[in-house]
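Hi everyone, thanks for coming. Today I'd like to talk about aromatic rings, so let me put the structure up.

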Amino acid sequence: LELLAAATKLLLYVSAFAGAGMPLAAASLGARLTVLRCSATGLMRISAAGVMLSSIAVLVLLVLRLGGDFSSSTLLIILDSPTGVAVALQLVGALALFLTAGMATVPGWLRAASGLAILASFGVNGHAASISLTAASLAWAHVCAGAWWFGAVLLLLRVSKPSELQQFRQLVETFSTQALVLVGLLVAAGACLVLT
């Protein structure tokens, strides 16, 4: 069960970073990603589905690791804990992302907000959340910066093949400029988190 729980969490983290990171990166890279709008839809939906499935699996494995009591009282205790809040954020954010990923009429900020909801689960559950609100906020900022970078790399990989060389060069320049700031935020948040 421990190995299965670790593998499920790994799937959750990869899906969350990809699913939340792509809309965040798309929002920051902006209009230069018009070529990508359709080709990233499938990857966003797959990632969102991965978040939903793995967050439910993490919940089921937690109950199994606690003795396998699936009674309503045990489930209510778990759902009322930070783990339950994290699962709710993951499910709501991933469902919203899954539903809006292919809709051209939905503004990009709504998909980005879905991604932020998924990533908020890292701030409400875990070691940082048990220390203080400041530590939880730093953990969330740290995860958001990492997810943005991961999502941007995935988007750039998708757009590097079909786009013109000049457009891709401009995207990479924009990404590099933003990455300097966000990786700095990632390092600063991580360092503050360690000190906290």
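Let me start with one definition: a residue is buried under 20% relative accessible area, exposed over 50%, and partly exposed in between. Phe 17, at 23% relative accessibility, therefore counts as partly exposed. Please keep in mind that this is a predicted model.

Now, how many aromatic pairs does a search of the whole structure find? There are 3 of them. I'll walk you through two that share a ring, Phe 122.

In one of them, Tyr 13 meets Phe 122 in a tilted arrangement, with 5.4 Å centre to centre and 50° between the planes. Tyr 13 belongs to helix 1, residues 2-29, and Phe 122 to helix 5, residues 108-124, so this pair ties together parts 109 residues apart in sequence.

Are these two residues buried or exposed? Tyr 13 is partly exposed, with a relative accessible area of 37%. Phe 122 has 18% relative accessibility, so it counts as buried.

The other pair joins Phe 17 and Phe 122: the ring centres are 6.2 Å apart and the planes stand at 85°, so we call this pair edge-to-face. Here again helix 1 is linked to helix 5, because Phe 17 lies in helix 1 and Phe 122 in helix 5; the parts tied together are 105 residues apart in sequence.

Put those together and you get one aromatic cluster made of Tyr 13, Phe 17 and Phe 122.

One last ring before I stop. What sits over the ring of Phe 98? That would be the charged end of Arg 45, 5.6 Å from the ring centre.

Thanks, and I'm happy to chat afterwards!

Key:
Residues are numbered from 1 along each chain as its sequence is written. This is a predicted model: local features need pLDDT of at least 70, side-chain atom pairs count only at pLDDT 80 or more; totals for chains, interfaces and linings use all residues. Side-chain values use heavy atoms; hydrogens and water are left out. Rings of Phe, Tyr and Trp (its six-membered ring) pair if their centres lie within 6.5 Å; planes under 30 degrees apart count as stacked, over 60 as edge-to-face and the rest as tilted. Helices (H or I, at least four residues) and strands (E, at least two) are DSSP runs, numbered from the N terminus. Buried means under 20% relative accessible area, exposed over 50%, partly exposed in between (1.4 Å probe, protein chains only). A charge sits over a ring if NZ of Lys or CZ of Arg is within 6 Å of the ring centre and within 35 degrees of the ring normal.
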